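Hello,

Here is the structure I promised to hand over. Please open it first and then read the notes below.

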Amino acid sequence: MNPMLGPDFLMIPGPTSLPDAVRTAMASPAQDFSGESFRRISTATFEGLRPLFRTAGEIFLYAANGHGAWEAALANTLQPGDRVLVPESGLFSFVWREMAEALGLEATVVETDWRHAVAAERIEAILRDDKAGRIRAVLLVHTDTAASVTVDVRAVRAAIDGANHPALLMVDAIASLGTTAFEMDAWGVDVTVAAAQKALMVPPGLSIVAAGARALERSRRGQHLPGSYWMWQARLGQELYQRFCGTAPIQHVAALRAALDLIEEAGLESLIAQHQRLATMVRAAVERWSDAGFMEFNALLPAERASSVTSIRVPAGFDAERIRDHARRRYRLTIGGGLGPLKGQLFRIGHMGFLNEAYVLGALGVLEATFRDLALPIGDGALEAAVAAREGAAAG
Ligand SMILES: *Cc1c(COP(=O)(O)O)cnc(C)c1O
């Protein structure tokens, strides 16, 4: 491998690029996980996460990826045989539901085409029909990274309230936290799941669960699945080995603290505004490319398009992996592909985390070159449209 080719240019929806302060923290030396220094870092990390989630609830950190946080949310609040309601959004709602079933839970799925969010009225109707209260939780993916669809969490909360139903609202905010507004307490979210490697700019291997009072109450009453590692009540102890159920992932926590420092210095609102600005640029370019009738947004409604990732479909018979392969081999840009059943049908531009206009214009420029190299039909003026959209977003 030629060492002078420069770094891979990574524009995938996680893991994302790492700021220097985060990489330095990951390289910090070994230390006693019950010592004073780590206690300080750890306390500051737990405290710093509350405002990020906009919650006064409890924060739990797991040495696990997002799947671990999914399991923790289910394991602490649901009992074997309980039913969950899963409004589909894309592959991630599908996989969370599969996990629930593997844990002995039953699932009612509200289907969509993975190009729209589920209408809240459909959720409300199902909850109204559940007179016996068998549904114990609604599992909602805020931004489904596979479909690049963002769901209106407040509308789902209103549906649960409208049906006067006691189900908990559990939200996967893995790909939305830090990229789009999320207000756990104000929106009535009972459990939120997040992971380090998306907009939090930390290497994969650390995940976060935030739990509100109603969810904690279930775990306190023993209304949970059998288990030990994920259990909140054991993790609420004062000792750090209790908080982490064993040795803490010290460097990961230090890295997360370093990332929180950056987010606090920038300001959460400004971080979200930045993601929206960059997303607007990407969408403006995709709109121009789509003019030729070849490619199109996967998310059909503009209001549901995610601010962290954009999925772009190509016609049946064309393998979207060709675009990814060419961009990587010729230009060293790595973008995301279609996941699961969507493989080959779409490609995904990740625009979350530690990024700026140069990254976005670089990626759009490489993609424009790739489409031309492959002689794919695209409309003109995509880069100009992205630049103009940036000006509009900055002024607005
Ligand atoms: C990335 C992602 C996950 C899975 O996280 P892992 O760390 O890969 O387990 C789950 N949900 C969403 C919305 C994601 O973007």
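How are α12 and α13 oriented to each other: roughly parallel or roughly perpendicular? A reminder before the answer: this is a predicted model.

**Helices α12 and α13**

Helix α12 covers residues 321-331, and helix α13 covers residues 357-373. Their axes are 10 Å apart, and the packing angle is about 110 degrees. Angles of 65 to 115 degrees count as roughly perpendicular, and α12 and α13 are therefore roughly perpendicular to each other. Their crossing is right-handed. On the α12 side, the contact is made by Ile323, His326, Ala327, Arg330 and Tyr331. From α13 come Val366, Leu367, Ala369, Thr370, Phe371 and Asp373. By type, the residues of this α12–α13 contact are 7 nonpolar, 2 polar and 2 charged.

**Helices α2 and α10**

The second pair is α2 (residues 36-53) and α10 (residues 250-266). Here the axes come within 9 Å and cross at roughly 45 degrees. That angle falls outside the ranges for roughly parallel, antiparallel and perpendicular, so α2 and α10 are oblique to each other. The crossing of α2 and α10 is left-handed. α2 contributes Phe38, Ile41, Ser42, Ala44, Thr45, Gly48, Leu49 and Leu52. α10 answers with Ile250, Val253, Ala254, Leu256, Arg257, Leu260, Ile263 and Glu264. The residues of the α2–α10 contact split into 11 nonpolar, 3 polar and 2 charged.

**The ligand**

Which residues are closest to the ligand? They are His67, Thr145, Asp172, Gln197 and Lys198, out of 13 residues that surround the ligand. Some side chains there place an N or O atom by a polar atom of the ligand. For Asp172, the partner is a ligand nitrogen, at 2.7 Å. For Gln197, a ligand oxygen lies 2.7 Å from an N or O atom of the side chain. Asn65 also has a side-chain N or O atom 3.4 Å from an oxygen of the ligand.

**Backbone points to check**

Most residues other than glycine have a negative phi, and most peptide bonds are trans. Two places in this model depart from that pattern. The peptide bond from Gly14 to Pro15 is cis, and its omega is near -5 degrees. Pro15 sits in the loop between β1 (9-11) and α1 (20-26). Ser148 has a positive phi, near 60 degrees. The loop between β6 (143-144) and β7 (149-150) holds Ser148.

Best wishes

How values were computed: Residues are numbered from 1 along each chain as its sequence is written. This is a predicted model: local features need pLDDT of at least 70, side-chain atom pairs count only at pLDDT 80 or more; totals for chains, interfaces and linings use all residues. Side-chain values use heavy atoms; hydrogens and water are left out. Axes are lines fitted to C-alpha atoms, for helices over the stretch in contact, and angles run from 0 to 180 degrees between N-to-C directions. Helices (H or I, at least four residues) and strands (E, at least two) are DSSP runs, numbered from the N terminus. Angles under 35 degrees count as roughly parallel, over 145 as roughly antiparallel, 65 to 115 as roughly perpendicular and the rest as oblique. A crossing is left-handed if the near helix is turned anticlockwise from the far one by less than a right angle, and right-handed if clockwise. Contact means heavy atoms within 4.5 Å. Ala, Val, Leu, Ile, Met, Phe, Trp, Tyr, Cys and Pro count as nonpolar, Asp, Glu, Lys and Arg as charged, and the others, Gly among them, as polar. A residue is near a molecule or strand if one of its heavy atoms lies within 4 Å of it. A polar contact is a pair of N or O atoms within 3.5 Å; within protein, one must be able to donate a hydrogen and the other to accept it, and residues adjacent in sequence count only if both atoms are side-chain atoms.
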